Protein chains: 4
Amino acid sequence: MLRIGVIGCGYWGPNLIRNFSQLNGSNVVMCSDLSSKRLEHMKSLYAQIDTSEDFHDILRRDDVDAVVVATPPQTHRDIALAALQAGKHVFVEKPLALSVEEVSDLVAAAKRSGLTLMVGHTFVYTAAVNKIKGLIDAGELGDIFYISSTRVNLGIFQEHINVVWDLAPHDVSILNYILGGMPESVATQAHGYIRDDVEDVAFLTLRYGRGVMAHVQVSWLNPNKIRRTIVVGSKKMLVYDDVSPLEKIRIYDKGVSVMPHYDTFGEFHLSYRFGDIYIPRLDDSEPLKVACQHFLDCIAGKEGGRSAGGAGLDVVRVLEAADASIRDNGRPIEIVPVGSGTTED
Amino acid sequence: MLRIGVIGCGYWGPNLIRNFSQLNGSNVVMCSDLSSKRLEHMKSLYAQIDTSEDFHDILRRDDVDAVVVATPPQTHRDIALAALQAGKHVFVEKPLALSVEEVSDLVAAAKRSGLTLMVGHTFVYTAAVNKIKGLIDAGELGDIFYISSTRVNLGIFQEHINVVWDLAPHDVSILNYILGGMPESVATQAHGYIRDDVEDVAFLTLRYGRGVMAHVQVSWLNPNKIRRTIVVGSKKMLVYDDVSPLEKIRIYDKGVSVMPHYDTFGEFHLSYRFGDIYIPRLDDSEPLKVACQHFLDCIAGKEGGRSAGGAGLDVVRVLEAADASIRDNGRPIEIVPVGSGTTED
Amino acid sequence: MLRIGVIGCGYWGPNLIRNFSQLNGSNVVMCSDLSSKRLEHMKSLYAQIDTSEDFHDILRRDDVDAVVVATPPQTHRDIALAALQAGKHVFVEKPLALSVEEVSDLVAAAKRSGLTLMVGHTFVYTAAVNKIKGLIDAGELGDIFYISSTRVNLGIFQEHINVVWDLAPHDVSILNYILGGMPESVATQAHGYIRDDVEDVAFLTLRYGRGVMAHVQVSWLNPNKIRRTIVVGSKKMLVYDDVSPLEKIRIYDKGVSVMPHYDTFGEFHLSYRFGDIYIPRLDDSEPLKVACQHFLDCIAGKEGGRSAGGAGLDVVRVLEAADASIRDNGRPIEIVPVGSGTTED
Amino acid sequence: MLRIGVIGCGYWGPNLIRNFSQLNGSNVVMCSDLSSKRLEHMKSLYAQIDTSEDFHDILRRDDVDAVVVATPPQTHRDIALAALQAGKHVFVEKPLALSVEEVSDLVAAAKRSGLTLMVGHTFVYTAAVNKIKGLIDAGELGDIFYISSTRVNLGIFQEHINVVWDLAPHDVSILNYILGGMPESVATQAHGYIRDDVEDVAFLTLRYGRGVMAHVQVSWLNPNKIRRTIVVGSKKMLVYDDVSPLEKIRIYDKGVSVMPHYDTFGEFHLSYRFGDIYIPRLDDSEPLKVACQHFLDCIAGKEGGRSAGGAGLDVVRVLEAADASIRDNGRPIEIVPVGSGTTED
């Protein structure tokens with residue numbers, strides 16, 4: 001039975017406490033927050049959990065095996081590092097931290113101490129994303145041509161990070177996961193309409209090599225909530241609509257093929273295929289629960305880490321390059337390949 | 001009664017013949033096509049119209065006042081120029097021609113001879129686009145922040161022009177029209193999946209000055225047909241779905257405002273507004289008919305030319321810059337301001 | 001080559017002329033209408049077709065083999081009977097006529113003379129309805145439990161027939177066709193809101209025997225157009241949405257089963273099944289063309305008559321009973337079984 | 001501060017405990033359930049609440065002012081009657097009880113003792129239903145013609161009551177509320193497919209006088225969840241889609257009018273109006289919370305009882321008549337007018 005301490009009881013904290021409390025392999029023993037009111041609320045829900053306004057109280061406890069960091073992003077690096085140095089396994093809400101340098105510190109500290117460091121890229125634990133990965137890996141879609149993703153709604157504006165750091169971690173973690181690798185470059189066009197210094201709308205183009213292109217549109221300024229990803233392959237096409245409660249994935253048996261041999265003097269021949277549409281039923285277990293179980297399995301050494309520190313680093317490398325591209329007027333920024341964390345490390 | 005000759009009887013030709021035949025102010029007297037079969041078909045529909053496989057036969061006729069050019073884009077410049085030189089008013093299917101140089105030749109020739117040169121940017125004649133322009137001009141949406149447009153479906157692939165030249169003229173003509181001006185720069189990411197040398201997917205970012213950004217996604221490789229434009233203003237937001245038969249425009253009374261004066265030491269205060277949605281009923285007259293009538297009105301000197309040659313030039317300047325950006329790996333290409341044709345000239 | 005005369009050039013007449021003109025096996029030689037204006041219009045479209053304001057001119061011609069009756073329903077019986085007596089095969093727009101007695105006259109006359117009498121129940125020629133019939137016949141949906149159909153929109157109000165006679169022929173012909181039989185009874189609740197004496201809203205419940213129930217809602221007074229039929233079977237369920245251009249049929253792999261043996265003292269055990277959804281691609285040929293070809297095939301003796309006079313009689317028997325139920329305050333009216341025409345006769 | 005006891009901790013019980021705990025004017029002091037497991041669960045959530053497996057323990061407590069009955073419907077009458085006899089105000093989950101006789105016992109007992117008896121017709125506390133009532137009362141829709149309601153999904157099958165008693169209380173309570181009265185008759189067609197003796201699909205037609213018709217379709221056997229009510233008025237039409245999270249009500253500015261004076265020898269003239277669509281933003285407070293507050297207000301004498309015992313009686317009178325109609329093959333059953341409880345009593 002793993003004993004967990006949770007730092008930060010805002011939006012995600014309570015959900016993480018609930019999940020780690022309900023799992024068989026873990027127990028939440030303490031939580032902390034700067035607000036005594038939030039702590040009182042947690043106490044009213046979970047009488048047996050200790051509380052403190054100082055997260056160091058959690059780190060000091062010998063009976064805490066692992067720590068969950070669900071505080072604002074700008075605090076992730078310091079808190080997670082302190083936790084690792086205190087010998088705790090660490091689960092951090094996305095993004096893992098706010099720069100490659102910060103994340104690298106965390107990854108290095110985890111490696112040194114042999115502790116598990118995991119980032120909460122929740123979407124890679126959804127049934128929908130794993131269905132897509134399964135279809136791609138099995139070759140059902142053919143070669144992947146391009147992916148176009150839209151993640152927009154009205155609000156909630158952040159003060160300390162722009163919309164790229166707020167929303168794009170979802171898309172980049174999904175893309176790296178289903179494509180099994182890192183982009184080679186990213187170009188980003190963005191603008192801040194509500195505040196000049198914080199971009200609230202951005203368009204990213206990621207190049208994944210072998211011609212695979214991914215486009216990501218993120219916005220806090222859109223009249224309705226859209227969470228849609230279109231995957232276009234040489235054999236089939238797929239639309240993943242995360243807002244739909246029951247029909248998240250539609251697989252279109254549609255495509256275009258070039259006739260393999262054609263007379264260069266003659267017409268250019270294409271063959272269009274228009275076929276059935278298939279909407280697979282998906283398991284509806286809570287992704288956060290799957291992520292929490294995955295953290296326990298990683299600690300137990302059963303899994304290599306679908307969103308281990310290395311995967312978190314990969315996402316932050318892309319976000320940092322996206323920011324650089326914004327500052328350079330949208331010029332594509334190369335992402336130098338290093339030992340990738342996307343593949344299990 | 002204006003007498004019209006129509007060159008090219010493929011897809012658009014017959015629709016233009018039908019409309020110019022039905023309007024009170026015009027009459028179609030002759031049409032030409034390279035295919036005798038197409039001409040026979042037109043003859044079976046309109047017994048009174050003369051036909052020829054050689055378009056020069058149309059240009060030679062003194063009783064032809066105006067010529068419609070509905071041939072493939074790569075032939076537009078030569079045919080339209082010959083028509084102008086023969087003293088005919090000219091209506092050209094979009095795009096007006098395939099380079100700024102080609103279009104400039106046409107605009108200059110029209111100016112020299114005092115003839116009307118118009119390009120068939122059909123969408124600027126739709127009730128929906130004019131409703132949007134009216135709302136923007138009346139300030140109902142507030143300041144325009146950004147516009148995001150998607151125009152994708154499966155096929156129909158072109159051989160001689162890429163997807164930018166095929167589909168983006170619609171978006172660029174709409175954008176220039178409703179924003180009342182030209183973009184200052186365009187950055188385009190694109191790729192050819194079916195054929196290396198012809199881009200079938202592209203993402204354009206246009207900067208219209210004063211922070212106004214427009215993003216356009218065009219693709220021949222998408223599982224379903226989408227024709228959607230989202231206009232985000234400081235007061236209201238709007239979704240224009242051209243595929244919807246009866247509910248093309250939805251106006252969202254939604255927005256975010258920054259509190260005008262706020263304590264820099266305190267929290268950053270935003271005020272969200274979530275209000276009603278309003279779907280105005282739109283007139284459903286055929287846009288092509290409106291465009292044809294507009295051509296007649298321009299010739300009669302009644303209108304300045306909503307899509308006159310200058311407007312066609314503006315669109316081609318953007319497309320040419322988009323192509324340059326593609327070849328330069330997506331770098332933004334500036335569009336040097338000249339006497340704009342978007343405003344009526 | 002069958003020579004066709006068309007009586008009535010209102011809405012359906014021109015569509016029937018177009019189809020019979022384009023088919024290889026037939027040719028339209030003459031059409032009639034009370035309005036000389038309509039005849040002029042038809043002449044402008046089809047120069048080679050003779051016209052007359054008197055339909056008897058068609059019946060008198062020896063070179064006319066078959067007649068299409070596309071006049072208002074209250075004239076169907078007299079015109080079709082005259083045509084049969086003149087030795088012509090007859091295709092009548094739905095409903096075949098306005099009472100069982102009228103239809104019986106026609107069916108008897110056709111039988112006597114060995115001529116083909118067919119009613120234009122267009123929907124039984126659609127790819128969607130035939131897909132449903134195929135699924136039911138193949139047992140893919142299991143036992144059919146019930147069918148619920150909605151056919152409503154705003155307008156177009158009729159003067160001489162109520163909404164049951166106007167819209168329900170579609171549903172009843174579909175139901176009889178896919179269920180392969182006649183209902184045993186019909187109960188109808190209806191009301192006339194715009195005019196007291198002409199029902200504009202009606203709800204029909206048809207009992208097809210062995211517990212199979214069909215419910216049909218028809219209305220001229222509904223804010224949006226709905227053409228939806230839900231088929232619930234013991235194995236699978238199906239939604240047929242005729243308004244959807246590309247996704248007319250959705251097959252739900254969903255169901256409930258009672259555990260075959262269960263302890264009567266214990267709980268009642270049900271097993272729910274929630275599975276995939278499947279949207280088959282359907283052929284998009286024009287149903288009216290298929291119906292016209294079917295008429296030619298029936299005359300040639302190749303087919304038994306999917307909507308032959310007997311099928312038209314079956315539909316009218318149901319409509320007449322529905323009217324009787326309306327006048328009797330919604331009481332179910334039995335439909336006495338006679339030699340059914342639904343099965344091919 | 002009103003002290004509440006809750007009997008039954010299945011699905012609704014916990015939601016009622018949560019709401020009565022959070023309201024300012026009430027406090028939950030005890031709950032009971034036959035299952036000790038459910039009680040343990042409630043104890044883990046609300047440590048301060050006493051529990052018992054015997055509901056009489058609640059009734060015996062002097063410090064309990066009011067009792068909530070959230071047990072299976074067949075137990076409602078006995079438990080609610082015992083509670084009233086013990087001097088407690090009573091809130092009963094819908095349906096109030098399973099026959100007019102049972103409900104009359106409760107209404108009489110409440111009247112005798114001057115206690116509040118209320119039934120949880122949750123929908124009459126939703127923002128959507130109250131918006132509709134407001135529009136009707138203000139005459140915005142004109143005269144109401146008819147209402148068509150559909151409440152279907154797959155499962156959850158009940159053992160002791162049929163689908164009419166399970167789902168139709170929602171529709172009947174909404175209809176009585178927005179139309180401000182009782183139907184004069186109800187005709188019901190129904191069938192049990194999964195179990196012969198428990199109808200799982202039913203179609204009800206209710207006549208509300210002055211020609212107003214309401215049609216209700218309820219089913220436990222439908223492939224997807226539909227909760228849709230269409231209200232057709234002489235001026236405007238409205239669609240209420242309870243499944244839509246953000247766009248529950250659409251108001252169509254559409255209609256048909258008869259020309260007031262028209263030549264009886266001439267054509268019948270109708271005027272169609274096709275206008276805008278309007279989707280009002282609705283308050284999204286939890287309806288159950290509003291219902292609980294309403295109960296407190298009724299006890300405090302501030303409100304007459306939007307769903308007081310009389311309203312519950314009215315609903316049960318309709319359901320009982322619907323059952324009688326089912327047993328009589330769908331014949332319309334009159335509902336004798338008595339002092340209606342729909343108007344506040």
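User: In this predicted model, which residue stands opposite Val231(D) in strand 11 of chain D?

Analyst: The general idea is that side chains in a regular strand alternate between the two faces of the sheet. Here, the residue opposite Val231(D) in strand 11 of chain D is Ile147(D). The model is a predicted one. Strand 7 (residues 144–154) of chain D and strand 11 of chain D pair in the antiparallel sense, with nine bridges.

User: With which further strand does strand 11 of chain D pair, and over how many bridges?

Analyst: Strand 11 of chain D also pairs with strand 12 (residues 237–241) of chain D, in the antiparallel sense and over five bridges. Val232(D) has Met237(D) in strand 12 of chain D as its bridge partner. These two strands of chain D, strand 11 and strand 12, form a hairpin that has three residues between them.

User: How many of the residues of strand 11 of chain D are buried?

Analyst: A residue counts as buried when its relative accessible area is under 20%. In strand 11 (residues 221–233) of chain D, ten of the 13 residues are buried, so the strand is largely enclosed by the rest of the structure.

User: How should the two faces of strand 9 of chain D be read, as covered or as exposed?

Analyst: The alternation of side chains in a regular strand is again the starting point. In strand 9 of chain D, both faces are covered. Val201(D), Phe203(D), Thr205(D) and Arg207(D) are buried on one side, and Ala202(D), Leu204(D) and Leu206(D) are buried on the other. Seven of the seven residues of strand 9 (residues 201–207) of chain D are buried, so the strand is largely enclosed by the rest of the structure.

User: Which strands of chain D pair with strand 9 of chain D?

Analyst: Strand 8 (residues 185–191) of chain D runs antiparallel to strand 9 of chain D and is joined to it by seven bridges. In that pairing, His191(D) stands opposite Val201(D). Strand 10 (residues 213–219) of chain D also pairs with strand 9 of chain D in the antiparallel sense, over seven bridges, and His215(D) is the bridge partner of Thr205(D). The hairpin of strand 9 and strand 10 of chain D has five residues between the strands, and Gly209(D) takes a positive phi near 85° there.

User: Turning to helices, where is the kink in helix 7 of chain D centred?

Analyst: An α-helix has 3.6 residues a turn, so residues three or four places apart point the same way. In helix 7 of chain D, a kink of about 40° is centred on Pro169(D). The helix (residues 163–179) has 17 residues and reaches 23 Å from its first C-alpha to its last, close to the 24 Å expected at 1.5 Å a residue.

User: What is found at the start of helix 7 of chain D, and what follows the helix?

Analyst: At the start, a side-chain oxygen of Asn162(D) comes to within 3.0 Å of the backbone nitrogen of Val164(D). Gly180(D), with a positive phi near 65°, follows helix 7 of chain D. Of the 17 residues of this helix, 16 are buried, so helix 7 of chain D is largely enclosed by the rest of the structure.

User: In helix 7 of chain A, is Ala168(A) buried or exposed?

Analyst: Ala168(A), which lies in helix 7 (residues 163–179) of chain A, is buried, with a relative accessible area of 0%. Leaving aside residues up to four places away in sequence, Ala168(A) touches Val163(A), Val218(A) and Leu319(A).

User: Finally, how are the copies of the chain related?

Analyst: Two copies of a chain are related by a rotation about an axis and a shift along it. Chain D can be laid on chain B by a turn of 180° and a shift of 0.0 Å along the axis, with an RMSD of 0.0 Å. The two copies are thus related as by a two-fold rotation axis. Tyr278(D) comes closest to this axis among the residues of chain D, at 2.4 Å (C-alpha). In chain B, 100% of the interface residues of chain D are also interface residues, so the copies meet through the same surface.

User: Which residue of chain D comes closest to the axis that relates chain D to chain C?

Analyst: A rotation of 180° with 0.0 Å of shift along its axis superposes chain D on chain C, with an RMSD of 0.0 Å. Arg331(D) comes closest to that axis, at 2.6 Å (C-alpha). By contrast, no contact joins chain A and chain D, whose closest C-alpha atoms lie 7 Å apart.

Key: Residues numbered from 1 in each chain as written. Chains lettered and ligands numbered in written order. Predicted model: local features only at pLDDT ≥ 70, side-chain atom pairs only at ≥ 80, totals over all residues. Heavy atoms only, no water. Least-squares fit on C-alpha atoms with pLDDT ≥ 70 in both. Contact = heavy atoms within 4.5 Å. Helix = DSSP H or I, 4+ residues; strand = E, 2+ residues; numbered from the N terminus. Buried < 20%, exposed > 50% of the residue type's maximum accessible area, 1.4 Å probe, protein only. Pairing = 2+ DSSP bridges. Expected span 1.5 Å × (residues − 1). Bend = angle between axes of the 7 residues up to and from the residue. Polar contact = N/O pair within 3.5 Å; in protein donor to acceptor, adjacent residues only side chain to side chain.
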